[in-house]
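Take a moment to look through the sequence and the 3D view below. The text after them follows one helix and its surroundings.

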Amino acid sequence: MEDECKAGEKCQLVPVKWKAISLTHVEYPSDDPLGYLLAWSSLLPIFTIVVFISLIVSRRDLHTISYFCGMVFNEVLNMLMKNTIKEPRPKKDRDNLYTVYGMPSSHSQFMGFLTIYLILFLVVRLYKNSNFVDELWKYAVASGSILASCIVGYSRFYLGYHTIEQIFYGYAIGATTGLIWFYLVHCILTPNFPSIAGWSLCEYFMVRDSSLIPNVMWFEYTATRSEARARQRKITQRKSS
C-alpha cells in the first residue's frame, strides 16, 4: 500500500498494482496432481534457456551461440506478433496475473523452434554412423524433444493459458522460424565459422568453431586423455630425475 496525500486532506492508502512476469508465473489447481506436473513441464523453456546460457559460457561454441540467437529472435518475433494481433487469452475464473495477449502461444512457439531445429541438426548436421545401433540415440533425442514439445503445449491448454488455436499457430510459427534459421546457420553462417573464430574479439573470449569435427565428444575425450597422460609422464620424469 502507498500513501497518497493532498493539501488539507488526510492521507489515503492506495493499493499497489501487481504485475507478474509471464514466463515464470504458472498457476495450477491446488488439488490436481496432473496440473502440478504440467505446471512444472510448462517451465521447460526456462530450463532450456538456462542450459543454453551455461553451455555458451562453458563451451563458447559458435554453433551453440547461433542456436541461442535463433531462440532470442523467435521470442522477439512472438512478442511483436502478440502485440500486433492482440488476441486475448481464454477467460479464467481468477484474476489474470499474466500478459493479456495469447496469440500465438510463446511456449509452443519456443518448443516448435527448438524441436524442428534440433531434429534438422541431428539429421543434416551431425555425423552419421554406419552402425544402426549407434544411430539410435539420435532417434531417442528427436522423439524425446517431440514428446516434450507436446507436453508443454498440452500444459498451456490444460492450465487455461491458451486456446488450441493459439497453441497450434505457436507451433507452426516456431517450426517455420526454426526451419529458416537452421538454413541460415547451416548454409550461410557455418561455412564462415572458421574465419569468424579467427576474429580478434572471438580469440580474446576464446570462442571456438567445432563444426569441422565430426564427433566433438570423442575428440574432446581423446584430446583430454592424451594431454593428461603427457602431463603425467612429465611429472613422473621430474620425480625420477
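What follows is a walk along one helix of a predicted model.

Start with the length of helix α2, which runs over residues 44-59. Its 16 residues, at 1.5 Å a residue, should span 22 Å, and the C-alpha atoms at its ends are 22 Å apart, so the expected span and the model agree. Just after α2 comes Arg60, which has a positive phi, near 55°.

Next, consider which way the side chains face. Pro45, Thr48, Phe52 and Ile56 of α2 are buried. These residues lie on the same side of α2, because they cover an arc of only 75° around the axis. A general rule helps here: an α-helix has 3.6 residues a turn, so residues three or four places apart point the same way. On the other side of α2, Val57 and Ser58 are exposed.

What do the buried residues of α2 pack against? Their partners are three helices: α1 (33-41), α3 (62-85) and α4 (106-125).

Take the pairing with α4 in more detail. The axes of α2 and α4 are 10 Å apart, and the two helices pack at an angle of about 45°. This angle makes α2 oblique to α4, because angles between 35 and 65 degrees count as neither roughly parallel nor roughly perpendicular. The crossing of α2 past α4 is left-handed.

Which residues meet where α2 packs with α4? From α2 come Leu44, Pro45, Thr48, Ile49 and Phe52. From α4 come His107, Phe110, Met111 and Leu114. Pro45, Thr48 and Phe52 in this contact are also among the buried residues of α2.

Notes: Residues are numbered from 1 along each chain as its sequence is written. This is a predicted model: local features need pLDDT of at least 70, side-chain atom pairs count only at pLDDT 80 or more; totals for chains, interfaces and linings use all residues. Side-chain values use heavy atoms; hydrogens and water are left out. Helices (H or I, at least four residues) and strands (E, at least two) are DSSP runs, numbered from the N terminus. The expected span of a helix is 1.5 Å times one less than its number of residues. Buried means under 20% relative accessible area, exposed over 50%, partly exposed in between (1.4 Å probe, protein chains only). The arc is that of the directions from the helix axis to the C-beta atoms. Contact means heavy atoms within 4.5 Å. Axes are lines fitted to C-alpha atoms, for helices over the stretch in contact, and angles run from 0 to 180 degrees between N-to-C directions. Angles under 35 degrees count as roughly parallel, over 145 as roughly antiparallel, 65 to 115 as roughly perpendicular and the rest as oblique. A crossing is left-handed if the near helix is turned anticlockwise from the far one by less than a right angle, and right-handed if clockwise.
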